[in-house]
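Please prepare a briefing on the sheets, the helices packed on them and the aromatic ring pairs of the model shown below.

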Amino acid sequence: MAGGGRASSGRPSKKKGPSKGTGGKVRRSLEGKGATPPAHMRHWFKDRKRAAAPAGGAQQPAQARRPKRDDTSEIVGGRNPVVEALRAGVPATVLYVAQRIDSDDRVRESIKLAADRGIALLEVSREKLDRLTNGTHHQGLGLQIPPYEYAHPEDLLGIAHDAAEVPLIVALDSVTDPRNLGAIARSATAFGAHGIVVPQRRSAGVTAGAWKTSAGTLANLPVARAANLTSTLREYREAGLFVVGLDGAGPTELGDLELAVDPLVVVVGSEGKGLSRLVREHCDVIVRIPMHAAAESLNAGVATSIALYEIARLRRR
C-alpha cells in the first residue's frame with residue numbers, strides 16, 4: 001500500500017543529499033575527441049595506398065608483384081660435385097669445410113684447388129652446413145658460387161660489331177635443363193657465336209650445373225637475359241638480323257640455308273615441345289636437321305651443336 005513515506009519494497013526511502021562535484025570530468029567526456037583523423041594519419045590503417053587514390057572514382061593501378069630475386073649465391077654440396085666444379089673452373093667465393101671431416105682424396109683436392117685459386121676456406125659446423133645446403137647430402141663440403149651477371153641482349157650485337165664479325169646469336173626457347181645450357185655454351189664458343197639469349201622465365205639459368213657442362217666456356221661467352229623473348233627477336237630483326245628456328249618439321253633442310261652467311265639468330269626450342277607458337281611466328285625461316293625417322297628428336301644441346309657447325313661451314317665457303 002502506497003504512502004507513509006515507504007517505497008513499494010517496504011523499506012523507508014532515503015533522501016538523496018547533494019552530490020560531490022566531478023571537477024568537469026563529465027563535461028569533458030561529453031565533448032568527445034574531435035573529428036576522426038584521416039586514413040593516412042591512422043597508424044593502424046593498413047591499406048594506406050587506398051587513401052592516395054585520385055579523385056573522381058579512378059582507382060590506383062595495382063602495384064606489380066616484385067619478381068623473385070635470382071641473384072643470390074648458390075651453394076653446391078657434396079664431395080664429387082664440389083671437386084668437379086673446382087676442376088671445371090666454376091667461379092666460387094667460399095669453400096665450406098665441416099669440422100672434424102673425414103678427409104679423403106676429394107676433400108684434399110678440393111682444398112688445394114680452392115687455395116690455389118684464392119677461394120676463401122671456412123671451417124663450419126655440420127649444422128650450419130646443413131642450413132647452407134638446404135639439407136642436401138653435402139658430405140662435409142659446400143662451395144659457394146656467386147650470382148651470374150647477365151648481359152643485355154643488345155650487348156651481344158656490340159660484341160660482334162667490335163670484333164668486325166657477322167653476328168651469330170643463339171636464343172633458347174623454354175630450354176629448362178642447365179646442362180643443356182652449358183653444352184650449348186660450349187658449342188657456341190667452338191663455332192664462333194657471340195652470345196646466348198635466355199628468357200627471364202621458364203628457362204634454365206647459369207647455375208653450377210651449367211658452369212660444369214660448359215667446361216669453363218661460360219667465362220668467355222656472355223649470356224643475356226630477355227624479359228620477353230619474342231620482343232627481343234623482333235628487336236633483332238629490326239636491327240637487321242634474320243631469325244632461324246630449329247624444328248624437326250621445318251620445310252628447309254639445314255644444309256640448304258641460304259641465310260647462313262647473313263647476321264643470324266638461331267632459336268632452339270625444348271626437346272619435348274619444340275618452338276612455342278609466338279616464337280615460331282617471329283622466325284624468318286624454320287629449318288630441320290635431316291635424320292632417320294627412328295630418332296624422333298635430338299637433345300637441344302646436340303641439335304644446336306649440329307646447326308652451329310653447319311652455319312660455320314657454310315660461312316667458310
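**Two sheets and their ring contacts**

One open sheet has 4 strands in the order β1-β4-β2-β3, with mixed pairing; strands, like helices, are DSSP runs numbered from the N terminus (strands are E, at least two residues; helices are H or I, at least four), and two strands pair if DSSP finds at least two bridges between them. This is a predicted model, in which local features need pLDDT of at least 70 and side-chain atom pairs count only at pLDDT 80 or more, while totals for chains, interfaces and linings use all residues. Residues are numbered from 1 along each chain as its sequence is written, and side-chain values use heavy atoms, with hydrogens and water left out.

**The sheet of 4 strands**

- The edges of this sheet are β1 (74-77) and β3 (120-124), each of which pairs on one side only, and the twist from one strand to the next averages 25°; axes here are lines fitted to C-alpha atoms, for helices over the stretch in contact, and angles run from 0 to 180 degrees between N-to-C directions.
- Strand β2 (residues 94-98) pairs with β3 in the parallel sense over 5 bridges, and valine 97 stands opposite glutamate 123 in β3.
- Helix α3 (residues 79-87) lies across β1, β2 and β4, running at about 40° to β4, where contact means heavy atoms within 4.5 Å.
- Helix α4 (residues 105-116) also packs on the sheet, where it touches β2, β3 and β4, and its direction makes about 150° with that of β2.

**The sheet of 7 strands**

- A further open sheet, of 7 strands, has the order β7-β6-β5-β10-β8-β11-β9 with parallel pairing.
- At its edges stand β7 (223-226) and β9 (252-253), each with a single partner strand, so one side of each is left without a neighbour in the sheet.
- β9 pairs with strand β11 (residues 285-288) in the parallel sense over 2 bridges, and the bridge partner of threonine 252 is valine 287 in β11.
- Helix α9 (residues 229-238) packs on this sheet, touching β5 (168-173), β6, β7, β8 (242-246) and β10 (264-269), with a direction at about 160° to that of β5.
- α11 packs on the sheet as well, touching β5, β8 and β10, and its direction makes about 160° with that of β10.

**Aromatic pairs**

- A search of the whole structure finds 3 aromatic pairs, a pair being rings of Phe, Tyr and Trp (its six-membered ring) with centres within 6.5 Å, where planes under 30 degrees apart count as stacked, over 60 as edge-to-face and the rest as tilted.
- Tyrosine 148 and tryptophan 211 form an edge-to-face pair, 6.3 Å centre to centre with 65° between the planes, and this pair links parts 63 residues apart, tyrosine 148 being in the loop between β4 (141-145) and α6 (153-162) and tryptophan 211 in helix α8 (residues 208-214).
- Tyrosine 148 is buried at 18% relative accessible area, and tryptophan 211 is buried at 7%; buried means under 20%, exposed over 50% and partly exposed in between (1.4 Å probe, protein chains only).
- The rings of phenylalanine 191 and tyrosine 309 have centres 5.9 Å apart and planes at 70°, so this pair too is edge-to-face.
- Phenylalanine 191 lies in the loop between α7 (178-190) and β6 (195-199) and tyrosine 309 in helix α11 (residues 300-315), so the pair ties together parts 118 residues apart in sequence.
- Phenylalanine 191 is partly exposed at 26%, as is tyrosine 309 at 40%.

**Ring cluster and charge**

- Ring pairs link Tyr148, Tyr150 and Trp211 into a cluster.
- The charged end of arginine 225 sits over the ring of tyrosine 150, 4.0 Å from its centre, the criterion being NZ of Lys or CZ of Arg within 6 Å of the ring centre and within 35 degrees of the ring normal.
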